[in-house]
Protein chains: 2
Amino acid sequence: MFETPHIHRRAMLAALVTSAAARLVLPPTPASAQDAPLPSWNEGAAKQAIVDFVRATTERSSSNYVPPDERIATFDQDGTLWVEQPIYTQVIYCLDRVPTVVAKKPELENVEPFKTVLSGDREAIARLSMRDLEKILVATLTGMTTEEFGAEARKWIETARDPRWKRRYTELTYQPMLEVQRYLRDNGYKTYIVTGGGQDFVRVYAEKVYGVPREQVVGTAGATKFGYAHDGKPILTKEPKLLLNDDKAGKVEGIHLMIGRRPTAAFGNSVGDRQMLEWTGAGGGARLKMLVLHDDAAREYAYGPAMGLPDSKVGTFPQALFDEANKSSWTVISMKNDWKRIFAFQ
Amino acid sequence: MFETPHIHRRAMLAALVTSAAARLVLPPTPASAQDAPLPSWNEGAAKQAIVDFVRATTERSSSNYVPPDERIATFDQDGTLWVEQPIYTQVIYCLDRVPTVVAKKPELENVEPFKTVLSGDREAIARLSMRDLEKILVATLTGMTTEEFGAEARKWIETARDPRWKRRYTELTYQPMLEVQRYLRDNGYKTYIVTGGGQDFVRVYAEKVYGVPREQVVGTAGATKFGYAHDGKPILTKEPKLLLNDDKAGKVEGIHLMIGRRPTAAFGNSVGDRQMLEWTGAGGGARLKMLVLHDDAAREYAYGPAMGLPDSKVGTFPQALFDEANKSSWTVISMKNDWKRIFAFQ
């Protein structure tokens, strides 16, 4: 079921040969045919919805034409652009930072929840309460300057590896979604990430990984405090005070705050994205609202309603969300059926 | 001293004739020579600083070259891009809205500060305290949906007129600063407004007036609350809760929140812009930091330190700011000496 690197290389070589042969014997085809969009997508309703939407909103003759300035596409990150199981990547970052934080503040060593994190006992760590988790986030994401945080997060994201695939986390981005982002940008869309994850964290790699510049990352954001370092240089310090909880209703509020326009297209995968899709859909005209369904245990994970599990087991994509998608003409993307491959390395 | 509309039209006609003749007899000149930047600026240190900065940061061979993605220019609005005297335009909007608000809530009619505003007594209105003013801002800027607010503000900005010039407020933008914004954009800069004014208010006209899209307006922002209207349609309601006070240190915090990059160029005119200029200057390489000095009582207003007034009379540009500008190599723009004209209609 997995493509091995070997088969993949053969397929690529075959494609190159075919392409070279085609150039010798066939008349030139238009650029759009040469670079067919969304190559990692199977033909089907999901791919068709994307292509139809782009055509409807960008062809001048279309009754649903959207001027370039208003072409805004928003993407949730965790579970929509990259793997969110078994635990959010940013939480792994925070857990990994605990030893360094405790080294600087030894008084935390025997204090919970830091003691449990330092024990390395995975089961005990998995049982930590939300309150404990918040303490860990505050200790590892605040109290330093924005520049110090950026340098630390960058170093981690460039080296840390996921235990299942033994890959860097930024390699665990979904190739079909990277293609959607590129396709939309090629058609004049501004692509935004609208994530429950930390805005400062995602900004560290968003440009390199998604082609989304820092200013187009909207995320959960804490306050910062302007001040001066000992040498008189101005600094911004990350404060333990929440400014924007960019999840659920907060996503719509964050979009208003940071973008100030209603999206024309929105992509999510969970109840945390429901309001963003509703807000997008309420705009009238052609609107693209899509939900990624995790139904591919072999190639990634399976935790959607399609798995026939009770809501308590399917987590962030309960049956009610599936029902609303059907009712509101949101398009559900089946990872298993709609995606030829999940990751670029497959 | 003023160009009359008549002379202006003649000058334009003359320019057109010259240009047509030139095309017949002269070899084509490069675009840069045809469209000399900053036509409303007199030659001098201020204009030279802008031109030198653009050259230093955009020519590939320059040691201070800045990649296009990082070319960020931030502009204060009130007093930097348009007139801020004798009272901020947005405050006039709020005062103008009071009768409508009271009509909907008659219980406010005999309550201060609404009673004073309704009296029309300008001197009494000018004496209102900051606390009173806050009550007026809350009553006129919150409690409605974001769409309702946008529609009301748009209607007002398209019709209300300044009493001195009998012009719409959006005509009271400084022509030389519009040219700087365009010049920077022509050289790959993303221009942002970073204003103490209300973000939602400025977004209503920023694109049309400054060529700055809604998502590039950073301003004082209140919280919004997601919910559903009676018909089930999702709405955002403006709440009386301050999220970002985008003034002084808050401008740097707002820049971090909304842009996530340190500006390469920053323009202001008051103590409210001091930290933004310091933050910009601390970035290393070529950085442009400019302050507009209001020293032209005849064509606009005079209230800077150049007027020889005590700090209590010069308001937002005290001597200390002038001293810091000298010490930190910020360039002061004299409206009187550096600008050929102030407004497009002159």
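**Note on the interface between chain A and chain B**

1. In this predicted model, 100% of the interface residues of chain B are also interface residues in chain A, so the copies meet through the same surface. Each side is counted in full: 38 residues from chain B and 38 residues from chain A take part in the contact.

2. Chain B is superposed on chain A by a rotation of 180 degrees, with 0.0 Å of shift along the axis and an RMSD of 0.0 Å. The two copies are therefore related as by a two-fold rotation axis. Within chain B, the residue that comes closest to this axis is Met258(B), its C-alpha lying at 3.0 Å.

3. About 3,400 Å² is buried between chain B and chain A, and carbon and sulfur atoms give 52% of that area. On the side of chain B, the residues that lose the most area to chain A are Glu215(B), His256(B) and Leu257(B), which together account for 19% of what that side buries.

4. Eight salt bridges are found across the interface of chain B and chain A. In one salt bridge, the side chains of Glu207(A) and Arg261(B) meet at 3.2 Å, N to O. Polar contacts across the interface involve 24 residue pairs, with both residues at pLDDT 80 or more.

5. Several elements of chain B each supply at least two residues to the side that touches chain A, among them helix 8 (146-157), strand 3 (217-228), strand 4 (234-244) and helix 12 (249-258). Helix 12 of chain B gives the most to this side, with six residues. By residue class, the side of chain B that touches chain A comprises 16 nonpolar, seven polar and 15 charged residues.

Notes: Residues are numbered from 1 along each chain as its sequence is written. Chains are lettered from A and ligands numbered from 1 in the order in which they are written. This is a predicted model: local features need pLDDT of at least 70, side-chain atom pairs count only at pLDDT 80 or more; totals for chains, interfaces and linings use all residues. Side-chain values use heavy atoms; hydrogens and water are left out. Copies are superposed by least squares on the C-alpha atoms of residues with pLDDT of at least 70 in both. Contact means heavy atoms within 4.5 Å. Buried area is the accessible area (1.4 Å probe) that two parts lose on being put together, summed over both. A salt bridge is a side-chain nitrogen of Lys or Arg within 4 Å of a carboxyl oxygen of Asp or Glu. A polar contact is a pair of N or O atoms within 3.5 Å; within protein, one must be able to donate a hydrogen and the other to accept it, and residues adjacent in sequence count only if both atoms are side-chain atoms. Helices (H or I, at least four residues) and strands (E, at least two) are DSSP runs, numbered from the N terminus. Ala, Val, Leu, Ile, Met, Phe, Trp, Tyr, Cys and Pro count as nonpolar, Asp, Glu, Lys and Arg as charged, and the others, Gly among them, as polar.
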